Amino acid sequence: MAARTPLSTVSSFEGASHLIGVLAADGTASLQPDSLNPNGGTGTPELYSQDSTVSSEESVHGELHGLVPEPVTESESAVLRGHHSQNSEDPDDDTDFKKHISQRRKSLTVRLEKTDQAGRYQLTAEDPELRDLLKQGFERSKDGGIKKKRSRFSDLVFTRQFTAFDRHNSESASSPFHGFFSLFWMGVSLLLIRISADNWRTYGSIFGGNEIVRLMLSRDIVVMGFTDGVMCASTVFCLFLQKMILHGYLTWNRSGWIVQNTWQLVFLVAYLAFPAYRNWPWTHSVFITLHCITMLMKQHSYAFYNGHLSELYKRRRILEQKLEALDDPEVMSPTNHSPSSDVAYVTSYLDTKDLDQLSRRRKSIPEKKMQEVDNDISSIADAIASDAPLDFAQVRSLRKLISFEIQSITEELKGKTSTTQNHYPRNLTLRDFYGYIPLPTVVYELEYPRQPSINWSYVAEKTIATFGVIGVMIVVSTAYIYPVVAHVVHQKEDGMPLKDRLKEIPWVFSDLLFPFFMEYILSWYVIWECVLNVLAELTLFADRGFYSDWWNSSSWDQFARDWNRPVHNFLLRHVYHSSIATFNLSRSSATLLTFLLSACVHELVMAVIFQKVRGYLLMAQMSQLPLVVLSRTRFLKGRDILGNMMFWFGLFVGPSLLCTLYILL
């Protein structure tokens, strides 16, 4: 065989799009570029590609080391050698020899087709899996650098942790600012006493007019609870869809994701339309809308992650079949032995045009170890470039390459499981699905960190805190927000012209400023500190990182990351990273898309509350993008105190201003 030279550039493979097998008079066969018909043939079939990543440098290092060819024994070499009889000069022997080669090649899905020229055959590749596998294994950049493929799913890690205001958090308990937390709740208690006294003096009851409570309990409270239960139960459609994909009735990359997105659209429209049809009050409608959006994110994460795993699972099965084909006795036990020629594996299943991209799987590998692999990879690439057959050692390396790919896919199908065997497709069960639905996360994983038992005193503590904070919110809303909003609504119903309503904006804004800011803070606390911790404790969910220290934010992008960690993780994996991997968007374009989607969802909630679409909140959220850019300029970069003051000013003014605009205009 020709001397092996290292593969220095990919451009040398671009010349020959079709290979021709030439059969010489002595019975030997070789591969040559089809210069007589450069544009002929059926063309290059589209490669099957699938994203996959290697978990660590050590695993890549070890698996690639297995690609180094093992020594070939005499018996193994003899198995691959077929010879003509030296005493025979019968031309019919050439036909037998060609038939033998054709039979040998069919295990690699390579077909010989006669051309118009005598003794010339067209090689047709029909094995996209092997073509794609070799493309991933052989492609190397000129300088040895490896480009990492963008993944559709960011590598999120769930760990054991507590929320910042949890009494089990040792860092918060020892914080020098912990006294301000106590001061806040003392102030809230004194405020409740004052409101109760005013209500007693005005209404003769500490609860005052109690309009909001009567509104909440006025109608369909049982129907709302039943609707919420049906909504949670109907999410099981995602599991049935994944089961159909697993058993081959659907394919995720073709029709599966279309069915899933169609279901998600129907799900959203149905549970938004039903409250409107029942003419529910805004309290009922907002609850169902927020829970519907939460269930929608959970379904999307479950379906798209398992859909991704289903494609890997299918790819592994195909590669296992290819590996079995390489071990076929028909291949390993040739007939028609002849001492004059070698029967070897041809390289026609790899189109030379496929050697124009960098490796998709390998990351940083030590230079010394990579050199050991380069020798064999270069020899195979040179064989492809020179139309030469693969020898037995190179075929063994091909088998190791397939085994390496199978092992890598198997590791990805395991996900981050370490304490259970909940690998794909074992996770496609009702137990796993309905165990995921109540978890305080909207990002699906095969396994989460768990705690050993439920602390029922902690559950009682957080449950009491939940209803207590909701009670405070109702009292504050009834005393300070409801009268202002009701007065504005009556003015509009009485036909107040727009000019006069514009004059009311400063007064309404100032009346709502402090109570709305307090409601904003309390609503965050009751959800991310109380409700989610109750769910986490009941489900033994150990990762309580529902938020970070957003109150120290010096920019709006930091606030977006730290205010709501579960939703941020969802947007990071399924919007930001997926848009980069799927649509090849730049980081700035992916950020814009993520902010736009988040703003649209928030505007949807405002439309449910106020029964009209104005876009004020959408515009307010999108205006955060130029503020983020401003925070990175020379004027604000490094000035955290100034940035934090600007952040708090926006958070203080924003909610009351938006409410004023929605109710007046």
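**View 1. The protein chain as a whole.** Among contacts (heavy atoms within 4.5 Å) in the protein chain between residues at least 6 apart in sequence, 80% join residues at least 24 apart. Welcome to a predicted model, in which local features need pLDDT of at least 70 and side-chain atom pairs count only at pLDDT 80 or more, while totals for chains, interfaces and linings use all residues. Residues are numbered from 1 along each chain as its sequence is written, and side-chain values use heavy atoms, leaving out hydrogens and water. The protein chain holds 23 helices and four strands; these are DSSP runs numbered from the N terminus, helices being H or I with at least four residues and strands E with at least two. Of its 665 residues, 46% are buried (under 20% relative accessible area, against over 50% for exposed and partly exposed in between, with a 1.4 Å probe and protein chains only). About 34,100 Å² of the protein chain is exposed, and carbon and sulfur atoms supply 60% of that area (Shrake-Rupley method, 1.4 Å probe; for residues, only the protein chains shown count as cover).

**View 2. Helix H8, residues 221-234.** With 14 residues at 1.5 Å a residue, H8 should span 20 Å, and its end C-alpha atoms are indeed 20 Å apart (the expected span is 1.5 Å times one less than the number of residues). The buried residues of H8 are Met224, Thr227, Asp228, Met231, Cys232 and Ser234. They sit on the same side of H8 because they cover an arc of only 165° around the axis, taken from the directions from the helix axis to the C-beta atoms. On the face turned away from that buried side, look for the exposed residues Val222 and Phe226.

**View 3. Serine 555 in its loop.** This serine lies between helix H17 (498-538) and helix H18 (556-563). Serine 555 is buried, at 13% relative accessible area. Its side chain makes a polar contact of 2.4 Å with the side chain of aspartate 557 (N or O atoms within 3.5 Å; within protein, one must be able to donate a hydrogen and the other to accept it, and residues adjacent in sequence count only if both atoms are side-chain atoms).

**View 4. Alanine 607 in helix H20 (residues 587-610).** Alanine 607 has a relative accessible area of 17%, so it counts as buried. Leaving aside neighbours within four places in sequence, alanine 607 is in contact with Lys612 and Val613. Tyrosine 662 is 55 residues away from alanine 607 in sequence, with 9.5 Å between their C-alpha atoms.
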